[in-house]
Amino acid sequence: MIRFTTAGESHGEGILVILEGIPAGLTVNSEDVDLELARRQKGYGRGQRMHIETDSVKILSGMRYARTIGSPIAMYISNKDFKNWLHVMSPVSVDLDGTTLLKPRPGHADLAGLMKYGVNDFRDILERASARETAARVAAGAVCKMLLKEIGINIISYTLQIGNVSADMSSIKEDDVWNNTETSYVRCPDADASARMIKLIKKAGAKGDTLGGKVTVVAKNVPAGLGSHTQWDLKLDGRLAQSLISIQAIKAVEFGNGTKLASLFGSLSHDEIFYSEVKGFYRNTNMAGGIEGGMSNGEPIIVTCTMKAIPSLSKPLHSVNLVTKQPAKAEAIRSDVCAVPAAGIVAEAAVAIELAKALKEKFGGDCLEDMKKNINIYKDRLKTL
Ligand code: EPS
């Protein structure tokens, strides 16, 4: 079984991830993991913190000579900012510097976490709630992407919307999506929308405000049959949704045509099935986003995530002082103006991890070669249908 767990606080010493179940024999170069970490750090609208960090992974276990050996892969990313927080974030010292955060931010984990964990300083909560943790998910996702690539599955993402500016995807050729996205400062393939998004982020930043948006992830060449209709918690869409909605600030997840399907007749809502000797079974549309009955159906998996605007505002909202119980403005804590471009990279990682899990469930394989053989046997059987 492929699974992972992360540890680490935003301004603590570093972030750690342990990824288990990756078959032995997969080539993993830490530089390639770093490329994914760098993609996550980019994007117009990121805050000062990204000038401090240059994320780089240190692989601690699970590999020899840049190849996986089947044991848990532990990866560590240090927080360069820790040196500025030595007293505030020391895990051992009792030499406290005395600052206690008292005015919880609406929309953040501050107040609910303080109530739940019985702490009196909600820094104990925000440090772990922070999206800094997503660096660990991207490292795990990078390894899963390498595994998926071995069997031909590619994952990309792009920014579909920031604030009220949406990309016009109908104006962009499929082949241009990738290049346009990776060269855009907001990872939006529509150059005109990209420029308007940047303008809007500038405007929000100048007003002490923040922005959310939407990102779409596409996984290509996914074989039919990942996930299962037989039990609720085996359904691939359910599993992807859980993984994606757990990303900080993600509030909605849609597959294919998603919420648009609510207003359509059934006759217009489904992807009709065709057959040709060359292609086998195929569709001319992909409203389902590549998943039917909780299983991949062989079409690209398309999933769109909605991110709310970040709740750390430099012009804060109404809150209450936890000690005096008097009205107060929420804490103004340094943050990003817009992290939608970064969310696309994190969402790619979340999709990669879930697909790798489902792939291993279906094809097994403690060793990569076994897994590949099993996939080929299965693909050969599908050809006989
Ligand atoms: C975050 C607040 C900001 C972001 C951070 C997530 O950090 P800081 O408070 O240090 O300025 O930059 O994101 C990252 C550090 C990262 O690596 O993505 C938050 O409160 O969620």
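Here are a few numbered notes to help you find your way around this structure, which is a predicted model.

1. **The sheet.** A good place to start is the open sheet, where four strands follow the order E1-E2-E6-E3 with antiparallel pairing. Strand E1 (3-7) and strand E3 (57-59) stand at the edges with a single partner strand each, so one side of each has no neighbour in the sheet. On average, neighbouring strands of this sheet are turned by 20° against each other, direction ignored.

2. **A pair of strands within the sheet.** Have a look next at strand E2 (residues 14-20) and strand E6 (residues 73-78), which run antiparallel and are joined by six bridges. To see how they line up, find Val17, which stands opposite Met75 in E6.

3. **Helices across the sheet.** Two helices are worth tracing here. Helix H1 lies across E3 and E6, and runs at about 150° to E3. Helix H5 (residues 134-150) lies across E1, E2 and E6, and its direction is at about 35° to E2.

4. **H1 against H9.** Helix H1 (residues 30-41) also meets helix H9 (residues 340-363): their axes come within 7 Å and cross at roughly 145°. On the H1 side the contact is made by Glu36, Arg39 and Arg40, and on the H9 side by Ala342, Ile345, Val346 and Glu348. Sorted by type, the residues of this contact are three nonpolar and four charged, with no polar ones.

5. **Leu148, a residue to click on.** Leu148 is found in helix H5. Is Leu148 buried or exposed? Its relative accessibility is 0%, so Leu148 counts as buried. Setting aside residues up to four places away in sequence, Leu148 touches Ile153, Ile155, Ala352, Leu355, Ala356 and Leu359. The C-alpha atoms of Leu148 and Ala356 are separated by 6.5 Å, although the two residues are 208 residues apart along the chain.

6. **Aromatic pairs.** The count of aromatic pairs comes to three. In the pair of Phe363 and Tyr378, the ring centres are 5.3 Å apart and the planes are at 65°; planes over 60 degrees apart count as edge-to-face, so this pair is edge-to-face. Phe363 lies in helix H9 and Tyr378 in helix H10 (residues 368-383), so the pair ties together parts that are 15 residues apart in sequence. Both Phe363 and Tyr378 are buried.

7. **A charge over a ring.** One last spot to visit is Tyr282: the charged end of Lys279 sits over the ring of Tyr282, 3.9 Å from its centre.

Methods:
Residues are numbered from 1 along each chain as its sequence is written. This is a predicted model: local features need pLDDT of at least 70, side-chain atom pairs count only at pLDDT 80 or more; totals for chains, interfaces and linings use all residues. Side-chain values use heavy atoms; hydrogens and water are left out. Axes are lines fitted to C-alpha atoms, for helices over the stretch in contact, and angles run from 0 to 180 degrees between N-to-C directions. Contact means heavy atoms within 4.5 Å. Ala, Val, Leu, Ile, Met, Phe, Trp, Tyr, Cys and Pro count as nonpolar, Asp, Glu, Lys and Arg as charged, and the others, Gly among them, as polar. Rings of Phe, Tyr and Trp (its six-membered ring) pair if their centres lie within 6.5 Å; planes under 30 degrees apart count as stacked, over 60 as edge-to-face and the rest as tilted. Buried means under 20% relative accessible area, exposed over 50%, partly exposed in between (1.4 Å probe, protein chains only). A charge sits over a ring if NZ of Lys or CZ of Arg is within 6 Å of the ring centre and within 35 degrees of the ring normal. Two strands pair if DSSP finds at least two bridges between them.
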